[in-house]
Amino acid sequence: MNTGETVVRSLLVSALSLMVFLVACSGGMSNQRGSGGGATYLPNGDVRHSVVIFGENVSFDHYFGTYPIAVIKAGEPPFTAAAATPVPDGLSGTLLTANPNATNPDNGAAATNPFRLDRAQAATADQDHAYAPEETAFDGGAMDRFPYAVGSADSEALAARTNAAKIAASKGLTMGYYDGNTVTALWNYAQHYALNDHSFGTTFGPSTVGAINLISEQTNGAVAGLNANGVLASGGNGEFTLMNDASPIGDICSKTTEASVSMSGTNIGDLLTSAGISWGWFEGGFNLSLTNANGTTGCSRSTVSAITGVQFADYLPITEPFQYY
């Protein structure tokens with residue numbers, strides 16, 4: 001998702017932005033109230049399928065910060081949560097009204113509390129998700145330098161055309177968040193399945209690093225590399241640690257002129273296979289037989305966004321972690 005990032009206590013860094021677990025059961029769902037007063041949803045029957053929706057480059061709070069409460073606004077579809085919907089650990093209290101990113105002078109004119117983006121601002125500038133900027137944004141755990149370090153501004157023309165808050169035309173855009181009127185599908189998923197508000201990234205860095213970390217809990221174990229200067233660091237025991245984007249060696253769409261690596265070690269796919277559990281990773285855009293309306297095909301197939309006018313590749317090897325193993 002090329003959108004801004006809301007920064008709060010439950011920030012998810014790098015490629016890990018949100019995880020929604022869809023669990024299909026043989027029975028229905030039961031609602032049990034715990035001692036803390038929150039509702040806990042448990043399956044009545046055996047779990048048949050588990051689906052993890054894994055986004056990247058934005059925080060949990062960018063999509064779910066005010067869940068399950070959505071603003072009622074004319075011209076936008078209303079969202080009303082079911083009774084007893086559990087409230088996640090998101091934007092509330094001082095995190096919404098007295099956020100540390102609003103008071104840190106390092107953020108300059110981009111210092112701001114989190115603010116709502118509506119459906120007119122459904123496409124925004126991306127945030128910087130490189131290692132060093134993310135580490136700087138965390139500011140030793142103070143979590144208060146995000147506009148300064150990772151913020152990216154929408155153009156003044158776009159901000160004005162979509163009637164966005166003026167802060168959206170500054171690096172403060174990284175503090176913007178959506179609610180159920182815009183990311184309605186995700187909020188509806190959360191109404192029926194599990195929402196991981198306490199799932200945290202354990203490493204800084206871009207797509208490849210985050211995706212590999214998701215399936216193997218580490219980025220050590222790189223054993224081969226092409227043009228890999230700048231993407232690998234010594235990991236000890238003769239192995240290397242991946243620290244930047246690189247394509248998987250052997251993927252048909254990896255380019256030999258770009259950085260490519262292979263990984264060793266165990267990932268969750270190995271563990272599921274050993275346990276006799278079938279699994280799959282579904283990566284958008286891979287189909288070498290298609291030709292798009294713009295004439296692109298094969299590994300070069302691309303699509304121009306009707307909203308932003310930006311052209312992107314349909315398939316990105318760097319976000320397909322199992323291809324590295």
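**Entry 1: the disulfide**

I began with the sulfur atoms of Cys-253 and Cys-299, which lie 2.0 Å apart and form a disulfide. The model I am reading is a predicted one. I looked for further links of this kind and noted that the structure holds one disulfide. I then placed its two ends along the chain: Cys-253 sits in the loop between β11 (247-248) and β12 (260-263), and Cys-299 in the loop between α8 (268-274) and β13 (302-304). The two cysteines are 46 residues apart, and the pair links distant parts of the chain. For the torsion about the S-S bond I recorded -80°, a left-handed link.

I next asked whether each cysteine is buried or exposed. Cys-253 has a relative accessible area of 11%, so I entered this residue as buried, the limit being under 20%. Cys-299, at 33%, is partly exposed.

**Entry 2: the cavity**

I searched the whole structure for cavities of 30 Å³ or more and recorded one. The largest cavity holds about 40 Å³ of space. Which residues line the largest cavity? I listed Cys-253, Gly-285, Phe-286, Asn-287, Leu-288, Gly-298, Cys-299, Arg-301, Asp-314 and Tyr-315. Both Cys-253 and Cys-299 are in this lining, and I had already entered them as the disulfide pair.

**Entry 3: the nonpolar cores**

I turned to the largest nonpolar core, which has 22 residues. Which of its residues touch the most other members? I noted Tyr-63, Phe-64 and Trp-187. Helices α1 (60-64) and α6 (184-192) each supply at least two residues of this core. Apart from it I found another core, of 12 residues, including Ile-212, Leu-242, Ala-246 and Val-261.

I then followed Trp-187 outward, leaving aside its neighbours within four places in sequence. Among its contacts are Tyr-63 and Phe-64. I also entered Thr-66, Tyr-67, Pro-68, Ile-69 and Ala-70 as contacts of Trp-187, together with Phe-79, Tyr-178, Asp-179 and Gly-180.

**Entry 4: helix α3**

I looked up which residues of helix α3 (residues 131-138) are buried and listed Pro-133, Glu-134, Ala-137 and Phe-138. Seen down the axis of α3, these buried residues fall within an arc of 140°, so I entered them as lining one face of the helix. What covers the buried residues of α3? I noted that the cover includes α4 (146-150). Lastly I checked the residue just after α3: Asp-139 takes a positive phi of about 50°.

Note on methods. Residues numbered from 1 in each chain as written. Predicted model: local features only at pLDDT ≥ 70, side-chain atom pairs only at ≥ 80, totals over all residues. Heavy atoms only, no water. Core = buried A, V, L, I, M, F, W, Y, C linked by side-chain atoms within 4.5 Å. Buried < 20%, exposed > 50% of the residue type's maximum accessible area, 1.4 Å probe, protein only. Helix = DSSP H or I, 4+ residues; strand = E, 2+ residues; numbered from the N terminus. Contact = heavy atoms within 4.5 Å. Disulfide = S-S within 2.5 Å. Arc of directions from axis to C-beta. 1 Å grid on protein atoms, 1.4 Å probe; cavity = no way out; pocket = protein on both sides within 12 Å on 5 of 7 lines; lining within 4 Å. Points joined across faces, edges and corners; volume = space filled by probe spheres on them.
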